[in-house]
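User: Hi! I'd like a close look at one part of this model, with its surroundings described around it.

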Amino acid sequence: MTAVLPPPAAAGAPSAPGPVDEPGVSLVRGAWRRLRRDPTAIVGAVLVAAFLLVALAAPLLAGYEPGRALPGNGVTPSSVPGPSPEHPLGLDASGVDLLTQLVYGARQSLVIGVVSTSLGLAAGMALGVLAGAFGGWVDVAVMRVVDIMLSIPSLLLAVSIAALLGQSPISVMLAIAAAQVPIFARLLRGSMLAQRGSDYVLAASSLGLRHRTVVMSHVLPNSLGPVIVQATLVLGTAIIEVAALSYLGLGDGNPATAEWGRLLVRAQARLQSDPHLALLPGACIAVTALGFTLLGESLREALDPKGRR
Amino acid sequence: MIRFIARRLLLVVPVLAGLVVLLFLWVRALPGDPARALLGQRATPAGIEAVNELYGFDEPLLVQFGIYVRQVLTGDLGSSGYTGEPVVASFVSRFPATVELTLAALVFAVGLGIPLGYLAARRAGSWLDGLTVGGSLLGVVVPVFFLAYLLKLVFAQWLGWLPTDGRQDVRIDATHVTDFYVLDGLLTREWDAALDALVHLVLPGLALGTIPLAIVVRITRASVLEVLGEDFVRTAESKGLAASVVRRRHVLRNALLPVVTTIGLQTGLLLSGAVLTESVFAINGIGSYLFTAISQLDYAVLQGYILFIALVYALVNLTVDVLYGVIDPRVRVS
């Protein structure tokens, strides 16, 4: 289910040559320069910034308490109260102010997305470093484990973990993280292997530096680029995956949590009469995921040395 | 070639073996008594004893593992904890529906994705290119089940153009030979039955095929762009070959290699995407069965289906690798 985006179009699209950098501009500087001029990056950054702002300022924007049904809310099986001065977006199917739910949903997505991606990143990097640093049988063993993890579709991997740990926010995060581990592990290993043959690594080794120092202070820092870019992309898919888990009934088990996926699931029964109940949280998920995807894609393109032509 | 296939086949074995070990440990790590977990609602004292006997849950772990491996190898994966239906039989009877849906999604994704990606690359920077790239980004950020509901709402409920759910209209008295409904209709010459089954596949196929479509478009576009810049294309052009020949023999043939791999990877992923799509459109395939198993925590079904899906996934990717070896002889050597 996780849509792992393939590498973007070769950065040097024939008709759109990248800006020419003066000699001596560092990769990061050059990337920053390209990013500032890239409309895709700007749109992505604006969307992500808006999402972060809403998530952080949720109590200021919301006006009501999330997850608590308002007394005498007038929600009937066939209709929900529409927009009014007190409730700009009306109420949701459980009788809570919809705007409040959406705003706190951003917070929930941010927490789950960041924690699960950090966990996935940490575990994936540990495996990737093991494989990339030692090579040989360690590499083979680690990559076999990664292959096994990849042979289970991410949704089923998430399901098996949720089944093991029961319904809780932690099991949702672990379930999403587990599906990311093999992605990060493979990427970092590949990236480290590509660095290992470089001249600077050879130079460092011939200076007599210990293997550990060479790996940790030379190879690893230079291999992190693609991993960081992937993390941005994965944050976007994590937000979609939370919704899918909610749909499967494997959410965090607390019905009062304001979560976009759960709002979407609850709205399905009212799709005919009140489609906005589903459309708004659906749009929130899509726009946030789009923001992270655009940002990640343009980061990748900007950091790609091929783009410096 | 045979050596290449054999070597590739050998690589699948450790992955599946590792998976069997993991699934074995998974059931034993489940909260509570494993026999109770496997039996689900059907757990009775006598039943639990029988399962303990069958799987040897009282025996040492290694003996238990031996029993489990023997069962897997003989194709006995237990029964559903809720309906008592044998896991293998339930998979076999529902698999055709899922294969049909997967194929519909693939036809949509590949049939539209390759031409779109190719055109976008040929006219890189044009409005068509921008629209395609933008659309492919949108395709991956909409949750599958949300898209499925939207399609159903608009095209089935509001506009009434297409059926809302199921695989075939119940009023059609169709003969089923293979359980692939479209194929059945064609085989028995019941054209209306085939057409009806096909019409039922449109919306689920669109919902399931959107993410692979987006990915196929992007891969094709990137790959064609790369090949267009290659020296051999310039050489072919300067030799004075007709543009259409260069396009077909030089550009497309080389550009499609990564696309083939992507299609293979996506086919495997479609199987799990079907969990969401099938349940929205009430299609009685392995996806909707898994959906029920997940909501009931039917461990016996989950354990068996994960193994099956991984096996299918491995076989699909194996086929793709072999195909790849056929298209590109260089792969066989490395």
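How far apart do the axes of α7(B) and α11(B) come, and at what angle do they cross?

Analyst: Happy to take you through that helix pair, and then outward to its neighbours. Please keep in mind that this is a predicted model.

The axes of α7(B) and α11(B) come within 9 Å and cross at roughly 30°. Since angles under 35 degrees count as roughly parallel, α7(B) is therefore roughly parallel to α11(B). The handedness of this crossing is right-handed. On the α7(B) side, the contact is made by Val144(B), Phe145(B), Ala148(B), Tyr149(B) and Lys152(B). Facing them from α11(B) are Gly273(B), Leu276(B), Thr277(B) and Val280(B). Sorted by class, the residues of this contact are six nonpolar, two polar and one charged.

If you follow α11(B), which spans 243-280, you reach the loop that leads to α12 (286-296) of chain B, and Ala282(B) is found in that loop. The backbone there deserves a look: Ala282(B) has a positive phi of about 50°, although it is not a glycine. Ala282(B) is also exposed, because 12 other C-beta atoms lie within 10 Å, and 12 or fewer is the cut-off for that label.

Now back to α7(B), which spans 144-158 and also has a partner in the other chain. The buried residues of α10(A) pack against α7(B), together with α4 (98-134), α9 and α11 of chain A. Helix α10(A) covers residues 260-267 and is mostly covered, with seven of its eight residues buried. Those buried residues are Trp260(A), Gly261(A), Arg262(A), Leu263(A), Leu264(A), Val265(A) and Ala267(A).

One of the chain A helices in that list, α11(A), has a chain B partner as well. Helix α11(A), residues 276-303, packs with α6(B), residues 127-141, at an angle of about 125°, and their axes are 9 Å apart. That angle makes α11(A) oblique to α6(B). Here too the crossing is right-handed, as α11(A) passes α6(B). From α11(A), the contact uses Ala286(A), Ala289(A), Leu290(A), Thr293(A) and Leu294(A), and from α6(B) it uses Leu137(B), Val140(B) and Val141(B). By class, this contact has seven nonpolar residues, one polar residue and no charged ones.

Stepping back to the whole interface, 46 residues of chain A are in contact with 50 residues of chain B. On the chain A side, the elements giving two or more residues are α5 (136-151), α6 (154-165), α9 (211-247) and α11. Of these, α11(A) gives the most, with eight residues. This side of chain A divides into 34 nonpolar, 10 polar and two charged residues.

As for the chain A fold behind that surface, its secondary structure comes to 11 helices and zero strands. Buried residues make up 50% of its 309 residues. Among chain A contacts between residues at least 6 apart in sequence, 73% join residues at least 24 apart.

Finally, a record to set beside the coordinates of chain B. The unreviewed UniProt entry carries the annotation "transmembrane region" for residues 101-121, 133-155, 197-217, 255-276 and 305-327 of chain B. In the model, residues 101-121 of chain B are 100% helix and 0% strand, with the end C-alpha atoms 29 Å apart. Residues 197-217 of chain B are likewise 100% helix and 0% strand, and their end C-alpha atoms lie 28 Å apart.

Notes
Residues numbered from 1 in each chain as written. Chains lettered and ligands numbered in written order. Predicted model: local features only at pLDDT ≥ 70, side-chain atom pairs only at ≥ 80, totals over all residues. Axes fitted to C-alpha atoms, helices over the stretch in contact; angles between N-to-C directions. Helix = DSSP H or I, 4+ residues; strand = E, 2+ residues; numbered from the N terminus. Parallel < 35°, antiparallel > 145°, perpendicular 65-115°, else oblique. Left-handed = near helix turned anticlockwise from the far one by under 90°. Contact = placed C-beta atoms within 7 Å. Nonpolar A, V, L, I, M, F, W, Y, C, P; charged D, E, K, R; others polar. Buried ≥ 20, exposed ≤ 12 C-beta atoms within 10 Å, placed from the backbone. UniProt positions renumbered as here; feature names shortened; annotations may be inferred.
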